[in-house]
Amino acid sequence: MSVVRCDGIVQIYKAQDVEVVALRDVDLVIDEGETVALLGPSGAGKSTLLWLLAGLLRPSAGRLWLDGADVSRLNQRRLDRLRAAHIGMVLQNPARNLIGYLSAAQNVAFAQRAVKRDRPRARDLLHQVGLSDAGDRPAGRMSGGEQQRLAVAVALANAPKLLLADEPTSQLDEESGTRVVELIKRAAADSGTTAVVVTHDTAVSEALSRTVTIRDGRVGAEGRSGEDFVVVGREGAVQVPPEYHHLLPPGSMARIEELEDGIALRRAEP
Amino acid sequence: MILRGLWERRTLSLVVLLIAIVPIASAAVGPIYSAAARTTIARDAVEAAPLEGRGWRYTTTEGAIEAKVAEFTAGADFTSRPILGMETTSGRPGDRRAYSLVWQDGQCEHLTLAEGRCPAAAKEVLASQASGFEVGERIGLSSIVEFVSAEGQRRPAKLEVVGIYRPGPADDPFWFGRTLFSPTGEPGENKADALFTVPQTRLETYTISVGSGLRDQSGWTDYAIVYIDLERFDERDVEKLAAMQAAAESAGRNTNAIVYSRVADMLKAMTANTGSLGVPTLLVIAQLVGLGWMLLFQTVGDLVRARGAEIALARLRGHGRVRVQVFALAEPLLLLAAAVPLGLLVGRAAAGAMIGALLPAGVPVFFPPDAALAGVAAMLGGVLAAALAAWRTATRPVTEEWRRTPRRTARGWVLDAVVLAVTALGLVELLATGVLTDVSGRSSGAMAVPGLVALGVALLASRAVPVLTTRLFGVTRRRGGLGPFLALRQVARGPVTAGSVIVLGAAFGLATFAVSAWSATTGDYAEAARFHNGAATAITVRPVEPNRLVAAVNAADPGGRTAAPVIKMPGPPQLIASDPARLAAVGAAWRADLAGGTSLAKAAAALPGPASPRVWVRGDRFRAVVTHDKPPKGWTIKLFATLRVPGQLRPGHIPLGELTGRSGTHEWNLPPGCERSDCELRAFTGEPIPPPQFAASAYVRVAVTGLAVRDQGRWRTLDLPQWRVDEDPGKRDGAFAITMVGNQTLRPVTYDPEMAAVTVGPVGRKVVPGLDNAFADPVRGVVTSAAAPGLTDVGVLVDLEQADRHAYGVHEKAEFQVWSSLSDTAALERALERQGLTVVSRRTAADLAASFAGQGPGLALLLLLVSALAAAALALGRTVLALYTAARRRAYELAALEASGARVAALRTALLLEQVITVAAGTLAGLLAGLVAAGAALGRIPQFAAPPITPPLPHEVAVAPVALVVGAALLVSLLAAVVVSELLLRGIRVERLRDAPA
């Protein structure tokens with residue numbers, strides 16, 4: 001069963017009287033228990049897609065189903081409830097995920113406020129991220145790594161069906177990063193949590209079951225089991241991965257050769 | 001969690017708390033101060049009232065006075081203990097005068113014992129010196145009897161004189177203004193001075209009704225004098241006072257009690273004056289609370305916005321809308337809740353300090369329920385601000401919170417347009433209405449103009465500053481360095497700039513207006529007081545004959561530089577009579593520009609009239625030789641001479657007998673006073689007495705041909721003066737007509753019939769009162785001025801000598817004063833007392849100006865001044881803090897600039913310039929707004945409870961106080977900018993770049 005289903009999502013926002021298309025015709029299906037790494041250059045639309053999946057934005061066009069519910073048909077109250085019960089999110093800057101003057105336990109409890117408070121789970125999560133002995137120390141006084149681990153614990157506080165994380169290991173050393181990734185993978189394995197992680201860290205992307213690369217607001221490529229695929233878009237568009245640009249640079253012309261199971265692109269010399 | 005959050009944002013929380021306290025305190029100060037001001041006004045009204053206006057004399061012939069008075073004063077804890085008394089009136093065999101037998105509780109303490117002792121037992125009395133009684137003498141009064149046998153035989157009770165008293169001052173409140181004895185100690189013609197006894201006399205005697213001869217059980221009248229005790233009287237008692245007065249007025253209708261009082265007149269004055277306080281005070285409070293709200297609005301908004309990340313986090317975690325709102329509101333609401341009691345306490349303390357400093361000592365400071373309500377209402381502004389800010393934060397897209405460059409939302413014009421439209425309407429109303437004379441509320445919109453103008457100009461300035469800086473921004477791109485470039489960019493785009501300019505502009509606008517209004521109004525009060533008082537000090541003395549007043553002043557101030565005699569008549573038109581030379585010498589209030597450039601000396605020099613010799617008469621008998629027509633048959637024609645007698649203000653008339661038909665000599669004894677000093681012959685008049693039936697009216701022409709006076713047995717012929725007939729001014733031959741209609745008066749021409757006068761206002765050919773209040777003749781204006789010393793309305797200033805010659809006597813309405821150029825008149829007063837004058841009171845121009853300041857509008861203005869300055873200081877502090885907070889948010893950007901090679905000096909310049917531009921723009925906008933408001937409002941909004949008709953008020957704004965306020969604000973803001981810049985620069989470290997931008 002798919003937890004996330006994007007059907008031709010378009011996201012446009014207005015900045016300084018200019019309309020910017022952040023996402024265009026994104027089709028994406030993520031099944032329960034999948035762990036997906038969202039890759040792509042800065043400004044490609046990864047964070048926008050993540051915010052859409054969190055129900056924080058409503059798509060300008062296209063349809064988005066979260067846990068089977070059509071987001072466009074949910075009112076704000078139901079959307080809030082959906083987020084409270086089924087979605088956990090780790091923001092890019094770890095400090096932003098936390099209330100600085102609250103302790104680790106209080107931060108986890110704050111995330112559980114909208115649903116049933118689960119103290120054992122909170123304790124367990126803190127133990128898993130290595131913060132069981134954080135005590136009453138305010139989150140604002142924790143190190144960047146501690147804050148990031150706590151942010152993951154907070155995001156998992158409500159036992160979400162969908163965990164969204166934006167660069168969850170950006171401020172962590174290798175060991176801590178591994179612990180966070182393990183935590184995400186364990187959540188997926190144990191609870192069937194679906195994880196979508198925006199990352200630039202190849203270690204993270206490699207550790208997850210699937211990669212989705214966003215380029216220029218489109219899903220340009222996907223990777224499964226260590227192999228990368230380009231994705232044929234709605235209008236048949238295919239993005240040539242950057243690593244092949246020296247063969248087929250942007251702006252060049254190519255010939256399409258039909259093969260039995262597809263096509264081949266060959267540079268056409270003018 | 002809430003407390004932790006407040007501690008986390010302790011600086012901002014503290015600022016919110018402080019800023020919340022201010023409008024709450026301002027709102028609470030108003031009712032507390034207003035109540036105290038009303039108490040002051042109410043007490044002043046009681047104090048200014050005549051004795052009868054300060055209490056009641058409850059009189060009954062039915063006994064049980066104590067119970068009746070207790071019922072009358074029930075619930076009024078502001079009344080003094082009743083002074084009980086009883087009296088009865090009786091004749092005395094062989095004496096045509098009426099005698100009052102009186103007991104008043106505490107009487108002996110208010111009478112000066114000349115001989116003997118106070119009565120202590122029944123039938124003992126205390127008699128006055130003027131009565132001629134001696135200690136030990138026994139007096140019998142016709143109506144007061146005692147029974148000498150069991151069969152009912154009675155005789156006048158023998159009242160033993162056990163002491164002799166000298167009359168005390170007539171204005172002793174103990175007597176409630178009654179004339180129980182002649183204050184001068186002279187025996188009266190019809191009424192003898194009271195005999196004072198003790199209550200036992202009533203028990204051991206009986207009174208009989210005159211004529212009936214019957215025993216009368218109730219021949220005594222009981223009375224009680226109840227005064228308002230100023231010490232215990234405050235504004236809360238006014239309602240009860242009115243109820244008591246209503247009860248007093250109805251007592252005569254419903255019972256046999258008579259309550260005598262002039263409290264009704266006093267109440268009317270009190271109500272009018274307290275009414276003049278209400279609306280200006282309310283508007284001052286409203287404007288201050290409005291300003292406080294604005295500060296609160298921005299600061300509470302800052303607090304809510306400071307929690308934006310937390311609120312976004314709550315929304316991210318799926319908290320419902322209500323929960324998010326509660327979460328967002330919790331901290332500001334807790335602060336506001338804490339601010340209420342603190343604000344009320346601060347308000348109470350501030351009001352106490354203001355009342356102590358500005359109002360007379362002894363005015364009680366109490367906390368009316370209105371103050372608490374006003375405080376809570378002011379706090380609700382903060383709740384509204386918090387709710388709006390929370391709503392905005394809770395409904396804007398969550399993702400906006402995490403954008404690196406948050407999208408700017410354009411500031412709407414709706415609120416600005418509403419404020420500007422209301423301001424324009426208020427201005428139009430104010431300018432179209434002209435001078436507002438009604439302070440009771442109908443023109444409240446116009447009175448709110450200062451605050452509206454301040455806000456309107458501040459809003460416009462907040463729009464103009466970014467536009468102007470955007471223009472200059474282009475210039476700094478090319479030259480001027482990095483500092484000005486960064487500063488102008490920040491000012492141009494910063495929402496902090498707009499908010500700060502609005503708050504500063506509005507606050508300083510109101511403060512500038514308050515200072516301008518205060519300086520102009522203080523000047524106006526001083527100018528009005530200078531003219532109304534006449535000179536620096538006006539000493540009121542007991543009435544004496546005008547020539548005695550003049551002589552006493554001449555003797556007390558032989559140099560003629562420090563004192564001038566003045567007699568004032570109320571009119572209308574008012575009349576001020578004075579010695580012109582002295583008037584000019586003592587520096588009486590005068591402005592040549594109001595009198596067509598004529599100086600007071602020149603105007604005064606034009607006032608004296610002809611100095612024809614007056615007809616002085618000294619001796620014991622007066623003789624007039626007259627020729628006259630034969631009176632018609634059956635008519636009796638009586639001839640009278642009118643004399644000015646020393647010691648008497650009213651003219652004395654002596655009969656010169658009937659005109660028999662034969663011309664000749666008519667004589668009569670002169671009043672005793674003419675033996676000791678000169679009397680003045682003022683007129684001859686006649687009285688025609690017709691027969692029971694007559695066909696035609698009598699017309700008898702009489703001519704005075706000779707005058708003589710007998711002194712020490714020898715007759716002395718007097719020179720005949722030039723004559724004038726009042727009703728026929730052309731007649732100068734000493735003849736006049738005695739008729740039923742158009743009866744004439746013959747007067748020696750010793751004066752100018754139309755006195756030379758300085759006229760103020762449209763006097764024209766109106767008759768003026770004269771010293772005798774006779775309204776006989778108009779005056780001849782020699783100088784026209786818009787104001788003259790001592791005149792509060794249309795009136796004239798004349799020469800005292802001429803006025804005295806012109807009048808038959810001096811009316812009781814005349815007020816006798818000595819004007820002095822001195823502020824300390826103790827020595828002069830002693831000198832005047834040595835000359836036989838009795839000083840009643842003195843009033844300096846400063847006292848009068850202070851009394852103007854104590855009226856409703858003046859008290860409201862003081863409240864505005866103090867509170868507006870406090871609000872301006874707070875606005876300045878809030879602005880500096882907002883700029884600091886805004887700059888701190890840019891610490892990352894500044895660190896980046898430093899890392900990229902920008903010099904610290906350039907960053908310092910940028911921070912300094914940014915703050916200076918913002919603060920200077922706000923302060924100068926406030927200065928402009930305040931001056932515009934002052935220009936529009938001064939002269940139109942009320943400064944006095946009853947606006948004076950003269951002098952024309954200058955409404956001059958003193959530059960120094962305004963410059964001081966603005967200069968101090970700029971200086972403080974510059975210092976604050978330097979400190980803030982240095983603090984911020986210390987916080988800029990390249991290491992911060994490792995952190996994510998906040």
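In chain A of this predicted model, residues 24 or more positions apart account for 63% of the contacts with a separation of 6 or more. The chain is built from 7 helices and 13 strands, and 45% of its 270 residues are buried.

A good place to begin a tour of chain A is its open sheet of 7 strands, which has mixed pairing and the order S6-S7-S8-S3-S9-S10-S11. S6(A) and strand S11 (227-230) of chain A are the edge strands, each of them pairing on one side only. From one strand to the next, the twist averages 20 degrees. S6(A) runs parallel to S7(A), and 4 bridges join the two; within this pairing, Gly88(A) has Leu163(A) of S7(A) as its bridge partner. On the other hand, S7(A) is also joined to strand S8 (residues 194-198) of chain A, by 5 bridges and again in the parallel sense. Here Asp166(A) finds its bridge partner in Val198(A) of S8(A).

The edge strand S6(A) is worth a second look. Ile87(A) and Met89(A) point one way from S6(A), whereas Gly88(A) and Val90(A) point the other way, and all are buried. Helix H2 (residues 76-86) of chain A has buried residues of its own, namely Leu79(A), Asp80(A), Leu82(A), Arg83(A), Ala84(A) and His86(A). These buried residues of H2(A) pack against strand S4 (61-66), strand S5 (69-70), strand S6 (87-90) and strand S7 (162-166) of chain A.

A backbone detail appears in the loop between helix H5 (144-155) and S7 of chain A, which is where Ala159(A) is placed. Although Ala159(A) is not a glycine, its phi is positive, at about 50 degrees. Ala159(A) counts as partly exposed because it has 18 C-beta neighbours inside 10 Å, and a residue needs 20 or more to be buried.

Chain B offers a comparable case in His955(B), which lies in the loop between H24 and helix H25 (959-987) of chain B. His955(B) is a residue other than glycine with a positive phi, near 50 degrees. What is the burial state of His955(B)? His955(B) is buried, because 20 other C-beta atoms lie within 10 Å.

Turning to the sheets of chain B, an open sheet of 8 strands has the order S28-S27-S29-S15-S14-S30-S13-S31, and its pairing is mixed. Strand S28 (780-785) and strand S31 (839-844) of chain B are at the edges; each has a single partner strand, so one side of each is left without a neighbour in the sheet. The twist in this sheet averages 25 degrees from one strand to the next. Helix H20 (residues 826-834) of chain B packs on the sheet, where it touches strand S13 (537-541), S14, S30 and S31 of chain B. The direction of H20(B) makes about 155 degrees with that of S31(B). Within the sheet, strand S14 (residues 563-569) and strand S30 (residues 815-820) of chain B pair over 6 bridges in the antiparallel sense, and Ala564(B) has Trp819(B) in S30(B) as its bridge partner.

Two packed helices are described by the angle between their axes and the distance between the axes. For helix H12 (residues 449-478) and helix H24 (residues 904-937) of chain B, the angle is about 145 degrees and the axes are 8 Å apart. The crossing in which H12(B) passes H24(B) is right-handed. From H12(B), the residues that meet H24(B) include Val449(B), Pro450(B), Val453(B), Ala454(B) and Thr469(B). Among the residues they meet on the H24(B) side are Ile917(B), Ala921(B), Gly926(B), Leu928(B), Gly930(B) and Val932(B). By class, this contact of H12(B) with H24(B) has 17 nonpolar residues, 3 polar residues and no charged residues.

Finally, how do the two chains meet? In the model, 18 residues of chain B are in contact with 22 residues of chain A. On the side of chain B that touches chain A, the elements giving two or more residues are helix H1 (2-8) and helix H7 (308-316) of chain B. H7(B) gives the most to this side, with 4 residues. By class, the side of chain B that touches chain A has 7 nonpolar, 5 polar and 6 charged residues.

Conventions:
Residues numbered from 1 in each chain as written. Chains lettered and ligands numbered in written order. Predicted model: local features only at pLDDT ≥ 70, side-chain atom pairs only at ≥ 80, totals over all residues. Buried ≥ 20, exposed ≤ 12 C-beta atoms within 10 Å, placed from the backbone. Contact = placed C-beta atoms within 7 Å. Nonpolar A, V, L, I, M, F, W, Y, C, P; charged D, E, K, R; others polar. Pairing = 2+ DSSP bridges. Axes fitted to C-alpha atoms, helices over the stretch in contact; angles between N-to-C directions. Left-handed = near helix turned anticlockwise from the far one by under 90°.
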